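Trainee: Please choose one buried spot in this model and take a close look at it with me. Then carry on from there through the rest of the chain.

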Amino acid sequence: MNDATIGFIGTGTMGLPMVGNLLKKGFAVVAYDAVPAALDGAVKLGARAAASSADVARQSEMVVTMLPSSSHVEAVYLGPGGVREAIDSGRLCVDMSTIDPAVSRRVAAALAERGVRFIDAPVSGGVPRATDGTLAIMIGGDKQDVDDARPVLAAMGANLIHVGDVGSGEVAKLCNNLIAGVAAVAVSEAFRIAEGFGVDAKVLTDVISKSSGNTWVMEHMHPVAGIVPRSASTNDYAPGFMTDLMAKDLGLAVNAARELRIPVAVAPAAQQVLRLASSHGLGRRDFTSIYLFLKPSSTQAPV
Ligand code: NAD
């Protein structure tokens, strides 16, 4: 399979290092991104540039997409100049974006009408693991399709988990990000309180990492700059994972819960913190920049 040409659409924050790993593992890559600077980045790594999503589909044996949200995925697959217009019957498409599971199923059904196969394979691990090629990949789709995609997915990830039918990778992903998003808000609040009492952030990190509040978010994505070397906060909150994208993921979780009539309390609260941070100019910075937003509101004594 490593002599196959992989089509890659969406060479942004995550897509770019993922393309890098496909190239390193010997795949040829033909890429497209709506933003020329993002596409240039992939070309610099060794990918060939395509003129549109349809062009990618024409020139590749398998199509991989890494796009911001549901509407982008629908447009890239089903819209004018999209994958469906040009792709041969029997080909396999792998969407690695985090989107609404219902949209994954809808795109899969629309492609199936043309005999095209589709699986969802969203990821976790952020830019560091995308760069190292060690992403966790949660996959929804037919077993044969998943097996066919494995060599390509293994070039980008270390933990490949087949969750169930199409859309179920997305269900697993939105459940994971519900927890990660809520944890990020909780960690940020805790470190602001500690700061207010004059407790050193490094010492508190040491305490929590050995205590019941320990979380992957604090270990790898610490919101306080200077504690975790590869964290976005240490790099002036450059994404990383944008505040707007985490707000979107919490929205997916809240919508899913609403459809199922499951009461959820903390996910909507965390989503609003992210939305507020976004409305104060932090939407395109890393989501851990909510820590900046949660600074004390005034110098007045508490009431
Ligand atoms: P991003 O915005 O940096 O990259 C997305 C790319 O898609 C951009 O370069 C954009 O120009 C391109 N794009 C948008 N519409 C397009 C179109 N119609 N045609 C072609 N290209 C188009 O986002 P990202 O951080 O790389 O995230 C991508 C997905 O991965 C999101 O769903 C996100 O939730 C998920 N994700 C991100 C991270 C992370 O740490 N950044 C981690 C896990 C999952």
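Mentor: Let's start with Ser-53, which has a relative accessible area of 5% and so counts as buried (under 20% is buried, over 50% exposed, and anything in between partly exposed, with a 1.4 Å probe and protein chains only). Ser-53 belongs to helix α3, residues 53-59; helices are DSSP runs of H or I with at least four residues, strands are runs of E with at least two, and both are numbered from the N terminus. Beyond four places in sequence, Ser-53 touches Ile-9, Tyr-32, Val-76, Gly-81, Gly-82 and Val-83, where a contact means heavy atoms within 4.5 Å.

A word on the ground rules: this is a predicted model, in which local features need pLDDT of at least 70 and side-chain atom pairs count only at pLDDT 80 or more, while totals for chains, interfaces and linings use all residues. Residues are numbered from 1 along each chain as its sequence is written, and side-chain values use heavy atoms, with hydrogens and water left out.

Now to the cores. The largest nonpolar core has 33 residues, and Phe-8, Met-18, Leu-22, Val-94, Met-96 and Leu-153 touch the most other members; such a core is a set of buried Ala, Val, Leu, Ile, Met, Phe, Trp, Tyr and Cys residues joined through side-chain atoms within 4.5 Å. Among the elements giving two or more residues to this core are strands β1 (5-9) and β2 (28-32) and helices α1 (15-24) and α8 (143-154). For Leu-153, the contacts beyond four places in sequence are Val-94, Met-96, Ala-121, Ile-137, Ile-139 and Leu-160. Val-83, a neighbour of Ser-53, turns up in a second, separate core of 23 residues that also includes Cys-93, Ile-99 and Ala-108.

Further along, the loop between α11 (216-220) and α12 (243-260) deserves your time. There, Gly-240 is joined to Pro-239 by a cis peptide bond with omega about 15 degrees. Tyr-237 sits in that loop too; its phi is near 60 degrees, a positive value in a residue other than glycine, and it is buried at 5% relative accessible area. Phe-241, also in this loop, is partly exposed at 21% relative accessibility. Its contacts, apart from sequence neighbours within four places, are Asn-177, Met-246, Asp-249, Arg-285, Asp-286 and Phe-287. Phe-241 and Thr-288 lie 47 residues apart in sequence, yet their C-alpha atoms are 8.4 Å apart.

Next comes α12 itself. Its 18 residues reach 26 Å from first C-alpha to last, close to the expected 26 Å, which is taken as 1.5 Å times one less than the number of residues. Met-246 and Asp-249, both contacts of Phe-241, are among the buried residues of this helix, as are Leu-250 and Val-254. The buried residues of α12 pack against α9 and α13. Just after the helix, Arg-261 takes a positive phi of about 60 degrees; it lies in the loop leading to α13 (266-282) and is exposed, at 77% relative accessibility.

Phe-197 is another exposed residue, at 71%, in the loop between α9 (168-196) and α10 (201-209). With Ile-193 and Val-199, Phe-197 forms a nonpolar surface patch of about 350 Å² accessible area.

Key. Patch = residues over 30% accessible without salt bridge, like charges linked within 9 Å, V, L, I, M, F, W, Y side chains within 5 Å. Areas by Shrake-Rupley, 256 points an atom, 1.4 Å probe, with all protein chains shown as cover. Salt bridge = Lys/Arg side-chain N within 4 Å of Asp/Glu carboxyl O.
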